[in-house]
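Student: I have a new model open and would like to talk it through with you. Could we go step by step?

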Amino acid sequence: MHNIVKHANADNVLIQIQTDYASGMVIISIEDDGQGMNVNAAMNKGGLGMKSLYSRVQNLRGSIAIESQKDAGTAVYINCFPKSIQEKELTT
């Protein structure tokens, strides 16, 4: 969200969060109608933003896809499997 406000120049943002309790999967979709970006350039820029995002998703046993086009906005799709509540209860 911070990067959308800071860089995207978006008028609208859609955030969806879905969960599947049985599998423990969480699906997060974030879409904006901003100015878009070159995803490869952003990854290779040397900053921590994209690297941190990918690292956090990896720590949650997940995958991430980023789609973006100039003047057509950006969409980020994250699927992850954070530890379930039952797993936390067994380890505490």
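**Overall picture**

Tutor: Gladly! Buried residues, meaning those under 20% relative accessible area with a 1.4 Å probe and protein chains only, make up 23% of the 92 residues in the protein. This is a predicted model, in which local features need pLDDT of at least 70, side-chain atom pairs count only at pLDDT 80 or more, and totals for chains, interfaces and linings use all residues. Residues are numbered from 1 along each chain as its sequence is written, and side-chain values use heavy atoms, leaving out hydrogens and water.

Student: Which pattern does the protein follow along the sequence?

Tutor: Helices (H or I, at least four residues) and strands (E, at least two) are DSSP runs, numbered from the N terminus. There are four helices and four strands. Read along the sequence, they give the pattern α-β-β-α-α-β-β-α.

Student: In what order do the strands form the open sheet?

Tutor: Strands pair if DSSP finds at least two bridges between them, and the pairing in this sheet is antiparallel. The four strands are arranged in the order β1-β2-β4-β3. The edge strands, each pairing on one side only, are β1 (13-20) and β3 (63-68).

Student: Which residue in β4 stands opposite Glu 67?

Tutor: Start with the pairing of β3 and β4, which is antiparallel and runs over six bridges. Strand β4 covers residues 74-80. Opposite Glu 67 stands Ala 75.

Student: At about what angle does helix α3 run to β3?

Tutor: Helix α3 (residues 49-59) lies across β3 and β4. Axes are lines fitted to C-alpha atoms, for helices over the stretch in contact (heavy atoms within 4.5 Å), and angles run from 0 to 180 degrees between N-to-C directions. For α3 and β3 the angle is about 145 degrees.

Student: Is Thr 74 buried or exposed?

Tutor: Thr 74 lies in strand β4 and touches, among others further than four places away in sequence, Ile 30, Met 37 and Ile 66. Its relative accessible area is 12%, so Thr 74 counts as buried.

Student: What is the length of the polar contact between the side chains of Thr 74 and Ser 68?

Tutor: A polar contact is a pair of N or O atoms within 3.5 Å; within protein, one must be able to donate a hydrogen and the other to accept it, and residues adjacent in sequence count only if both atoms are side-chain atoms. The side chains of Thr 74 and Ser 68 are joined at 2.8 Å.

Terms used
Buried means under 20% relative accessible area, exposed over 50%, partly exposed in between (1.4 Å probe, protein chains only).
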